[in-house]
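Work through the exercises below with the sequence and the structure open. Each task is followed by a solution in steps.

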Amino acid sequence: VVTSPGTALAGADFSTHTQQLTFSPGNNGPQLVRIPLVDNNRVEEDEQFSVLLSTTDSDVKIINSPATVTIQDNNVATVKFQSSTYQVNEGAGQITVRLDVTGIRDVAVIARLNTANIGATAGSDYTSIVDKNITILPSVTVISETIAISEDGILENNETFSVTVASRSLPHLVTAGPAVAIVTIEDNDVVSVRFSQSSYSTEEELTQLNVQVIVAGQLQRPVQLSLSTRDQSATQGNDYQQNTVSLTFNPGDPQERNVPIQILEDTLIENTETLSVELTTTDTDIVFSNGNTASIIITDDDVASVYIPNDAYSYNEHDGTANIPVILQGNLAIPVTARWSTQHNTATWPSDFTVITNRDIVFRPGEPALQQLQVNILDDDVVESTEQFSVVLNTQDAKVTIGTHGTATVSIIDNDQLRVNFSSSRYEADEDSGFALVGLVLHDVLETTTSV
């Protein structure tokens, strides 16, 4: 018996073997020939060598020689992903997954790849792989497969798909763990959020103002924000009702939302006041395109009334001063100003009173609401009738109106008396003259006709 190499090689796959077989009388049954095989740990095709019979005995006839021995390879190569998970940013455009191939190989083997949706959708989020066969040459130990990732401009949750490897070359190639890799597509899209205006205005008496929040961008997942009011010159509880609102925008919802802010009406006379509204979020995919605050301006609608209680006052010329009361009606939080002037009628200045032109009257919070306007009256020696001048209120302060009596008439009562006496204590007249002349002497200046 002699071995002869074929596809199997002596020394590499089997040991060269030569053996003499003797069949003796009474021992003509089968005899076994043991040929040592070499396990080379290589992945290869089944290989063959021959076993030949020969003899020098003329009484022996050789039948069925040579015989073919097939060595069935029991070595395998393995293929597996280098990682069970991969992450890729949506904007990267592609992801490369890698597989390790182990085992010494003399033959090419084939692996098959497939992708499957989990949360991601083939076509819109990534390019699918369907029954893709990859031929792995003997020298290759790493396979790289690149999968296209789609940029969609939609705000969404991170999405996943799977890549599975299988063998198309059993039994030479088997899969090892991990045979499935999960690819997570990390969304890189953002939505823009802003107020419809950077500043809102309202009258105090309107009691409510809507601020509008606008979301710009496509949503495939909810986004959440919080809107809160903040004191500026206006204060919560006095000028507006504090408010904190959670806002959720769901896919398919309107992307504008009105949030009511309650304005508190009061009777205080005050300046225009301001509060702010602020947007906050923990969602890193939200950007504030025009800042995250807006101001609300509250215009006060309350005014003070300034007036003179009566429309007429009288003073004697010798009083020296006319005191005209002026009253403010209203609840002050700020100073307000009115003005007053004097105007002559029958009384004239500077002979009868002191002229006043647009003199300020300032009313301050916490101070008396009654003030006295003082006008100097001049005492002369002229006998005259009662004379009059006016006190007139006006204002340029938007927080002040002039009440019912904005003008008062002041009468100056003359205190001078006419002194008249005869020019002599005795007079004589001729009887035949028909009359007697009696002389009168006037000692004072007259400005009016006087009868005696």
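**Exercise 1: strand 17**

Strand 17 covers residues 199-203; sort its residues into a covered face and an uncovered one, then find its parallel partner.

Solution. Step 1: Tyr 200 and Thr 202 make up the covered face of strand 17, while Ser 199, Ser 201 and Glu 203 make up the uncovered one. Strands here are DSSP runs of E with at least two residues, numbered from the N terminus. The model is predicted, so local features need pLDDT of at least 70 and side-chain atom pairs count only at pLDDT 80 or more, whereas totals for chains, interfaces and linings use all residues. Residues are numbered from 1 along each chain as its sequence is written, and side-chain values use heavy atoms, with hydrogens and water left out.

Step 2: strand 17 runs parallel to strand 26 (residues 293-299), and 5 bridges join the two. Two strands pair if DSSP finds at least two bridges between them.

Step 3: for the register, take Ser 199, which stands opposite Ser 295 in strand 26.

**Exercise 2: an open sheet**

Give the strand order of the open sheet of 4 strands and name its edge strands.

Solution. Step 1: the order is 11-7-5-14, and the pairing is mixed. Step 2: strand 11 (142-148) and strand 14 (173-175) are the edges, since each pairs on one side only. Step 3: from one strand to the next, the twist averages 25°, with axes fitted as lines to C-alpha atoms and angles taken from 0 to 180 degrees between N-to-C directions.

Step 4: look at the pairing of strand 14 with strand 5 (residues 77-81). These strands run parallel and are joined by 3 bridges. Ala 77 has Leu 173 in strand 14 as its bridge partner.

**Exercise 3: salt bridges**

How many salt bridges does the structure hold, and which elements does the pair Glu 145 and Lys 132 tie together?

Solution. Step 1: there are 7 salt bridges, each being a side-chain nitrogen of Lys or Arg within 4 Å of a carboxyl oxygen of Asp or Glu.

Step 2: in the salt bridge of Glu 145 with Lys 132, the closest N and O atoms are 2.7 Å apart. Glu 145 lies in strand 11 and Lys 132 in strand 10 (residues 132-136), so the pair ties together parts 13 residues apart in sequence. Glu 145 is buried, with a relative accessible area of 8%, and Lys 132 is partly exposed, at 36%. Buried means under 20% relative accessible area, exposed over 50%, and partly exposed in between, using a 1.4 Å probe and protein chains only.

Step 3: Asp 285 forms a salt bridge with Arg 221, with 2.9 Å between the closest N and O atoms. The partners are 64 residues apart: Asp 285 is in the loop between strand 24 (273-280) and strand 25 (286-288), and Arg 221 is in the loop between strand 19 (218-219) and strand 20 (223-231). Both Asp 285 and Arg 221 are buried. A network of salt bridges links Arg 221, Asp 283 and Asp 285.

Step 4: Asp 360 forms a salt bridge with Arg 339, where the closest N and O atoms are 3.4 Å apart. Asp 360 belongs to strand 32 (residues 359-363) and Arg 339 to strand 31 (residues 336-344), 21 residues apart. Asp 360 counts as partly exposed at 46% relative accessibility, and Arg 339 counts as partly exposed at 26%.
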